[in-house]
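Visitor: I'd like to go through this model with you. Could you show it to me before I start asking?

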Amino acid sequence: MAEAALSAQIDPYEAACDQAIAQCGGDARGAVKALLYANEFLEADLLKAQAAASMGYARKGTSKRKAGDA
């Protein structure tokens, strides 16, 4: 047990892996599947956020500055 705590301090991903597997009842395949679903959900949210942000930048280049404007 002390070895697991030490490795978690050294590599936080070890602790995250152990936690994900524990959440899936010790099923490593289930943990990977759950993480893939979570990643897919996050990628979809990212695409939505990028699309929303693009709308705000669509106006760039439409305002013409005159010479001497700061």
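Guide: Sure. Helix 1 (residues 2-10) has the lowest mean pLDDT among the chain's elements, 66, and helix 2 (residues 12-23) the highest, 93. Here pLDDT is the predictor's confidence in each residue, from 0 to 100, and helices are DSSP runs of H or I with at least four residues, numbered from the N terminus. Where pLDDT is low, the predicted coordinates should not be read in detail. For the chain, the mean pLDDT is 81, with 64% of residues at 70 or more.

This is a predicted model, where local features need pLDDT of at least 70, side-chain atom pairs count only at pLDDT 80 or more, and totals for chains, interfaces and linings use all residues. Residues are numbered from 1 along each chain as its sequence is written, and side-chain values use heavy atoms, leaving out hydrogens and water.

Visitor: How do you know that the span of helix 2 agrees with its 12 residues?

Guide: The expected span is 1.5 Å times one less than the number of residues. For helix 2 that gives 16 Å, and its end C-alpha atoms are 17 Å apart, so the two agree. After helix 2 comes glycine 25, with a positive phi near 65 degrees.

Visitor: Why is valine 32 called partly exposed?

Guide: Buried means under 20% relative accessible area and exposed over 50%, with partly exposed in between (1.4 Å probe, protein chains only). Valine 32 has 49%, so it counts as partly exposed. Valine 32 sits in helix 3 (residues 28-56).

Visitor: What makes cysteine 17 partly exposed?

Guide: Its relative accessible area is 43%, so partly exposed fits. Cysteine 24 is also partly exposed, at 29%.

Conventions:
Helix = DSSP H or I, 4+ residues; strand = E, 2+ residues; numbered from the N terminus.
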